[in-house]
Each structure stands twice: as C-alpha cells, then as structure tokens.
Amino acid sequence: MHTAASIRSQFPILKRKINNNPLAYLDNAATTQKPQSVVKAITDFYTQYNANVHRGMHALSEQASTAYEDGRERIARFFGATPEEFIFTRGTSDSINIVARMLEPRLKPNDEILATQMEHHSNLVPWQQLVKRTGAVLKILPITDEGRWDMDALERILSGNTKIVAVNHCSNVLGTINPVAAMVRAAHQAGALVVVDGAQSSAHLPLNLRSLDVDFYAVSSHKMYGPTGMGGFYGKHEILELLEPVSFGGDMIRSVEAFDATWNDLPWKFEPGTPHIAGAIGWAAAVDWMQSVGWDTLEAQERELTQYALDTLKQVPGITIHGPNTAVNRLGVISMTMDGVHPHDIATLLDREGVAVRSGTHCAMPLMTRLGIPATARASFACYNIKKEVDQLAKALQTAWKMFHPTVTVQVPAKNLWQR
Ligand code: 7TS
C-alpha cells in the first residue's frame, strides 16, 4: 500500500527548502522529479557495466545490450506495444520530427494535415515545415470555450484529402484529456493516419496503444519520472515496415557496400549510432517504479488533488483558471491568470514562498491567441504532490494578490463616527 508519505520518501529532492520554505514542486508538466530507484539504475550502469551496445562480444557489452533491450521491452509493454514497434529517440519533440520526415515521401501537394488549436509547438512546427516542403495543407481544429476539441467542427474539416491527423492526448496548458479514441475512429474512416503527442498523458493515464489503434504515439521519459534526453515513439508494425529511415549510420544497417546499403530489422532500422543507453535503462526503471505504485494509486491520488486544487484556487481573488473546471477528463495541469498581474510576476512571487510553477506561453502560442491572453502561470501535479502544497500555492497567490492590489483603508476615529 503506497501512501503519499511513502511515495514522497523516494524523492530526496522533495525535502529541499527554497527561500526558507518547504519546496512545493508544482512544475511537473515541464519535467517530473526522479525516484531513487531511477537514479540508482543509472548509477549502476555507469559504475558496474558501462559499455556500448550491440557491438562487443565482451561481458560488459553483453550486459549493457541485455539491459538496454530488456528496458525497451518493459517500456514497450508498459504502453501495450511490442519492442519492434517502439523506437527510441531523444524525446517527444525528436519523435514527432522523425515521424514527420518518415511520412514526407508519402505526401502530395494539396494533401491535408490536421492539428488542433491546443498543440504544443513540438506537434505543430514540424507539420508547418512539412507542408512547406511538400505543398500539403495544414488545417487547424478549433477548440471550445471550455478548452476541448470542437468535435462538430471536425466533421466539416476532415475529408478524403486528410492524410495525417496530429493531435495531443492531453494539453500541457489546459489539462484537457482529449477523446483520442473517437478521433482515431473518425480519422481512419477518412483514410488518415493518426500521430499522437503523448508527452503529457504518459505519466497520468494507463495506455494500451494497440487497442487505442493510433498509428504513432510520441513520449518523453523525463515527464514520467525517468531521465531527460530520452524518449521514443510507438509506430504500428505494419506501417513501420513500409517506411524508410530518415537518419543513417551505424547500427541501423544490415549490410553496406561502397554505394548502397540495406536496413536492419525493426526497431533498429530507425536508430542510427550509439543510443542513450543509460537513458533507456533509467526510463525502464521509471516504468517499473510506476507499476510498483500502480495505476489505481497514481490516478486516484491525482484526480482527488486536481479537484481539491480547482476548488481551492477558484477562491483566490482575481484568479481565472483556463480549461475545464472539474477534474473530469482533466489532468492536474492548472493554468491561471490573475487580474492585473503578469504571470512572470506571479511565478517569481510564488518562488519566494518555495512554490515552483511555470509561467509563459508553455510553447503553445496559438492557444494563447485563442484564449486572448499573453501567458499563464501554470501549476502541474505528479503523484507525489499533496494538499498541503496546494494550500501553500493558494496562500502564496493570495500574498501576490495583496501585494499588487493593496487595499486603501481610511482610518476614521471611532468617536467621530458616533458624533455624526
Ligand atoms: N508536447 C507536449 C504536449 C508537451 O507538453 C511537451 C513538453 C512536448 C510536446 C515536448 O516534449 P519534450 O520532452 O520533447 O520537450 N512540454 C513542456 C511544458 O509544458 N513545459 O516544459 C515542457
């Protein structure tokens, strides 16, 4: 049985004080902290069996190769995929860029790519660049005022010309959990492939990518308690078999002659060069750790905290919360604006009280335009966050409000009052 205290005890960093206050780390949508088991797995690799993979016949290389491929298998299984379908990359941004280049030869002028108004730049700019290179057309699905996909508009925008639908599973600004399964059905009916940006969902929702029937799904290790610089994407086996690699070099080839080469099997065909071995081992340890806590605990804890935070933060004067206003189909990613106070000032004042949040556009400028605001201050939760930290956030916000909106009190001597 895992309690908040037993989970927190595995993250030494959470014991830190910032500006003489207990650290309330509420910037988990940017990156999560790492449990000790992840740090230990990485340290063990570097201190006990560091060697390159897939190359040496010596003991260390064999041990490293086994740990690396065994790590891939555990990660792939965590997502309901097979190891052949799971390509290691540097993260979500890298994955989407690679997938876009893999699909490039299949696109013709006037083919259409559909993204949404709530995409992170990582799932928008690669497609903008792709349409420039191919003559395809980028279309944008609007969102509703509550911060959800406008599914009525989808019917009007999807057509036989739509070849790729590129959408995020969960918004890193609004917290919305999007109806990906419905999108996949509609897109497949129109004959389009679906590429999902899973950067925000992977630490918060149990996923079975095969049954979700997505064609590609991109994730980052560092948002799910694993190391930075590591990530990957799932691709349907039959589609990956058809596509050509876009980066070339060692390890991804089967044989090379002076003027040509043939490709290795999946998944290595898409992985040139020495990979991030420690990254894969650390990520696999993170996945093991999440499974040891269990989805029941992970989900229940976060849902309860999100509802508590929505209820608590609504009471802070001058605060507007952007995105769905209940914890239903919503992650604990809470973007706020405060009347008359810039989000950067909010974040700076919160930091004085030990509260770490992110402020800015969160790499989602078109969404800021849609919301009609320049930026937000964003609190985002992980499974180790507790109500006390939400209270610390609310109190710090109240202090910020008072600092920017001092009440002018006129002192009237009591006796004058009664003399009138
Ligand atoms: N997509 C979404 C929805 C994201 O939230 C992020 C990172 C990315 C893609 C890119 O992931 P990366 O691992 O390749 O960087 N989002 C954030 C954030 O919201 N604050 O810092 C990074």
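Biologist: What makes His222 a polar contact of the ligand?
Modeller: A polar side-chain atom of His222 lies 2.7 Å from an oxygen atom of the ligand. A polar contact is a pair of N or O atoms within 3.5 Å, so His222 qualifies. This is a predicted model, where local features need pLDDT of at least 70, side-chain atom pairs need 80 or more, and totals for chains, interfaces and linings use all residues. Residues are numbered from 1 along each chain as its sequence is written, and side-chain values use heavy atoms, without hydrogens or water.

Biologist: What is the distance for Asn172, and for Lys223?
Modeller: Asn172 has a polar side-chain atom 2.9 Å from a ligand oxygen. A side-chain N or O atom of Lys223 is 3.0 Å from a ligand nitrogen. The ligand alone exposes 490 Å² (Shrake-Rupley method, 1.4 Å probe). The protein buries 87% of that.

Biologist: Which residues around the ligand come nearest?
Modeller: Ser93, Asp197, Gln200, Arg358 and Arg378, of 15 residues around the ligand (a heavy atom within 4 Å). By class, this shell has three nonpolar, eight polar and four charged residues. Asp, Glu, Lys and Arg count as charged, and Gly is among the polar ones.

Biologist: Why is the ligand said to lie between domain 1 and domain 2?
Modeller: Both domain 1 (4–30 + 295–416) and domain 2 (38–291) give residues to the shell, so the ligand lies between them. The bounds come from an automatic or database domain assignment. The C-alpha centres of the two domains lie 31 Å apart. Their contact (heavy atoms within 4.5 Å) takes 34 residues from domain 1 and 31 residues from domain 2.

Terms used. A polar contact is a pair of N or O atoms within 3.5 Å; within protein, one must be able to donate a hydrogen and the other to accept it, and residues adjacent in sequence count only if both atoms are side-chain atoms.
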